[in-house]
Amino acid sequence: MCCSWLGDGGALAAGKACLAMIPEKMQQLLPEVELDPSVISVLLCSSTVAFLVLKWMVKKLVQHRMREARRNRVRALGQMEEVVQQFKQKNPEIQASHILSLPLVELVKKLKEDSLSPESVLYTYMDKALEVNRDVNCVTDFIQECVHLLQEVKTQREKGLLYGVPVSIKDSIGYEGHVSTCGLGQYLGYPEREDSVLVKVLKKQGAIPFVKTNISQCLINYDCSNLIFGQTVNPLNHKKSPGGSSGGEGALIAGGGSVLGFGTDIGGSIRLPSSFCGLCGLKPTGNRLSGPVSYVQTVTGMVGPMARDVDSLALCMRALLCDDMFHLDPTVPPLPFNEEVYSSSTPLRIGYYDTDGYFLLPPCMRRAVHETRTLLQEAGHTLIPFVPPRIDYVMNELFMKGLFADGGAALLEKFELDSVDPNSCSQINCYRLPFLLKKILAFLTKPLFPRFSSYLNALCGVWSPKEFSELHAALMIYQQEFLSRWRNLDLDVILCPVLGPAFTLGYPGRLIAAVSSTMLYNVLNFPAGVVPVTTVTEADEENLKHYTGHYSDPWDRRLRQAVEGAMGLPVAVQCVALPWQEELCLRFMKEVETLAQGQKKQTEDNLQRGRAQADVARDLQNDVHTEGQSDVQAQASRTTVQTNILMDVQRTLAQTDLVADVQTDVQKPGSQTDLLADVQLQGCPQSSGPDMQPDVQTQLTQPDVQRQLTEPDVQPDVQTQPSQPDMQLDVQTQLTQPDMQPDVQTQPTQPDIEIQPAQPDVQTLPSQSDVQTQPTQPDIETQPSHPDMQPDVPTV
């Protein structure tokens, strides 16, 4: 164990010291036998060589198993593709795009109604998983038994809540006959003897596990890379990590190759891939679901679901929290899913914060918290600022020291026979530092790099039962402190940030301390989930350039570099509830998801309207550019119209003399017909402008008509055209039809007769008379030469 702390150089020195002590020990054991020093030297050299050869042979064996595992994966994926092609040839009518687009809840509904067959769903997702794997390298094993399990599911008497649903599981989750490698070659060749409890319950509920997915080496990194199966990349951006250690699950589900998956979480391994890939993920309270055995007692690990929406997580928890789970694992408390809590609409009291004071997350992650807070307030919930206490203390003294209480010795033993993945080298080399060197570096770096100094001290672990007991006591004291602050504010849930957006490949192993936002709730053992709410914008990228963090130290600068170039990637928030309240946590997550989707739809509609308006403006600009070539002709036309206006005005003014003559002959009824004709010919030229308004009514018996004509009401911009020779007269007299409705009525008995102004919206048909008169009061209506001019000379 001590050699593990010293690293390779320390182990060699210790080995030499042990060899030097062997002759002395042998002489003590065999005092009567005289040993030739040369014989002893030969024996020692032979033993050393044998030991080195044995170690070399074991490493070669591990490497051989790793090569064999890669060949087996290729072979298994080939079988998977073969059965998919056979099914597609027999069933060419299957609509794969329709099946892949269905949410889990609707998919289960159609499967139970038999509108979709379990075969079509399983083989469709198998085909899609192969496609996604070729793109991002996320599948490690094909579970061939799924073909036989499909037939068993169809014969079940009662259709479970996950009837016919193909599911994916993380590599570390046990499945009978398949290896759980944990990313280490030394575990190859040792298949699981039976299914894990989780897999057994899934089968009883009708689910069909069909693939296992990639992980980070030894599950200690939130990247997704190991020396057996290689690097998994983010399906949304191949330069980015999918998160870890359940990164294969995140990549497969985000790529569309699985509708429901399962990962494990001891510091954020479900929530971080969900954040990086834009998924919904839930870390339940420890032991709410039966999961892999955790060898770390101070930090609680657990298994949990990952999916594309919150309703899928709720359906999964509803299916797993059943009698089968409680019977197969009696340590799981018999708490069925509380449907009433999940479906409740009671307003919540929500605490929120955008930073924990230890690692300042990028601007986009804090923006997501504030935008979500605003939406929740508008929806009627109460938002209360909350400050989590002493996160730096929790990160170093409780999380890191609890996780590596033995100084990392148990972890480093795993790498004696395995090489270290390049993405984990920085992290493992830090663990390998000797105890004394860690202490010296911690002391020297404290003034300039206090977080790193505390981190190194925490990696020294605890070295006595008393210190370990004190660590447990400190953990319980902090939990009570956190709960006290929660109760004082009377909170139901908490809204807070989660690490993101997706890191550039290679950075997670160099920023292990950045998981403070997620590890807090592993220490507290609170249920926590992640919901995507927005994406990285150009403004976020611009604000990131000014990011300095809380400490402005190398870790802050490295974080800025890790998240650069994330334009368009998902941005999520974290939702937290008290222990054993997974239903309330899911209900809160559903509320956030609904509001975020509504906001997103509204934003998309606004963008579409904006694009449509921009297209119209561009078309108009093009039209103006095209029409600009005829500007000279348009100017000439306007000049002609203005000339016609002046001529029309002159003709109108010239009619004033005629008016005087007409007024002297009003009493002569016998001359009305000839008079009307003269007026039409001399005073009423037809206007052909586009805005001509012919139905102008005037009172004709007033003696001041001439004064009206001389008023300066003639608009200078009126456009008229001279009357054409072939134009018909608009003025007609009808003296023999008393039953017709006159357009212009005169009342001689009233001394004050008004002249009505032209109405802009009055229209007449060409076939109707513009002027109608009654026998006793002959009226004449004449049309003006323009809608804005006073009517031409009306006479009686």
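Biologist: Where is L219 found?
Modeller: Helices (H or I, at least four residues) and strands (E, at least two) are DSSP runs, numbered from the N terminus. L219 is in none of these, but in the loop between β3 (208-213) and β4 (225-226).

Biologist: What kind of model is this?
Modeller: Residues are numbered from 1 along each chain as its sequence is written, and side-chain values use heavy atoms, with hydrogens and water left out. Local features need pLDDT of at least 70, side-chain atom pairs count only at pLDDT 80 or more, totals for chains, interfaces and linings use all residues, and all of this applies to a predicted model.

Biologist: What is the phi of L219?
Modeller: Most residues other than glycine have a negative phi. L219 is not a glycine, yet its phi is positive. The residue is partly exposed (between 20% and 50% relative accessible area, with buried under 20% and exposed over 50%; 1.4 Å probe, protein chains only), at 23%. The phi of L219 is near 60°.

Biologist: Which residue in the loop between α4 (104-112) and α5 (118-136) should I look at?
Modeller: One residue there has a positive phi of about 65° although it is not a glycine. At 55% relative accessibility, this residue counts as exposed. Its name is D114.

Biologist: What is the omega of the peptide bond between G500 and P501?
Modeller: Most peptide bonds are trans. The bond from G244 to S245 is cis, with omega near 5°, and S245 is in the loop between β5 (230-231) and α8 (247-254). P501 lies in the loop between β11 (493-497) and α20 (516-523). The bond joining G500 and P501 is also cis, and its omega is about -5°.

Biologist: Is H178 buried or exposed?
Modeller: H178 sits in the loop between β2 (166-170) and α7 (197-204). It is in contact (heavy atoms within 4.5 Å) with D141, F142, I143, Q144, E145, P191, E192 and K212, leaving aside neighbours within four places in sequence. At a relative accessible area of 5%, H178 is buried.

Biologist: Which side chain makes a polar contact of 2.6 Å with that of H178?
Modeller: A polar contact is a pair of N or O atoms within 3.5 Å; within protein, one must be able to donate a hydrogen and the other to accept it, and residues adjacent in sequence count only if both atoms are side-chain atoms. H178 has such a contact of 3.0 Å with the side chain of E145. The partner at 2.6 Å is D141.

Biologist: How far apart are the C-alpha atoms of P497 and V369?
Modeller: P497 lies in strand β11 and is buried, at 4%. Its contacts beyond four places in sequence include V369, L361 and Q574. P497 and V369 are 128 residues apart along the chain, but their C-alpha atoms are separated by 6.3 Å.

Biologist: How many salt bridges does the whole structure have?
Modeller: Side chains of opposite charge can pair when their charged atoms come close. A salt bridge is a side-chain nitrogen of Lys or Arg within 4 Å of a carboxyl oxygen of Asp or Glu. One of them joins D195 and K203, with the closest N and O atoms 2.7 Å apart. The search of the whole structure finds 21.

Biologist: Which residue forms a salt bridge with R451?
Modeller: The closest N and O atoms of the pair are 2.7 Å apart. R451 lies in α18 and its partner in the loop between α21 (538-544) and α22 (554-563), so the pair ties together parts that are 102 residues apart in sequence. R451 is buried at 2%. The partner is D553.

Biologist: Which residues of α17 are buried?
Modeller: The buried residues pack against α16 (425-432) and α18 (450-459). The face turned away from the buried side carries the exposed L436, F443 and L444. The buried residues of α17 are K438, A442 and T445.

Biologist: What arc do they cover around the axis?
Modeller: The arc is that of the directions from the helix axis to the C-beta atoms. It is narrow enough to put the three on the same side of α17: only 80°.
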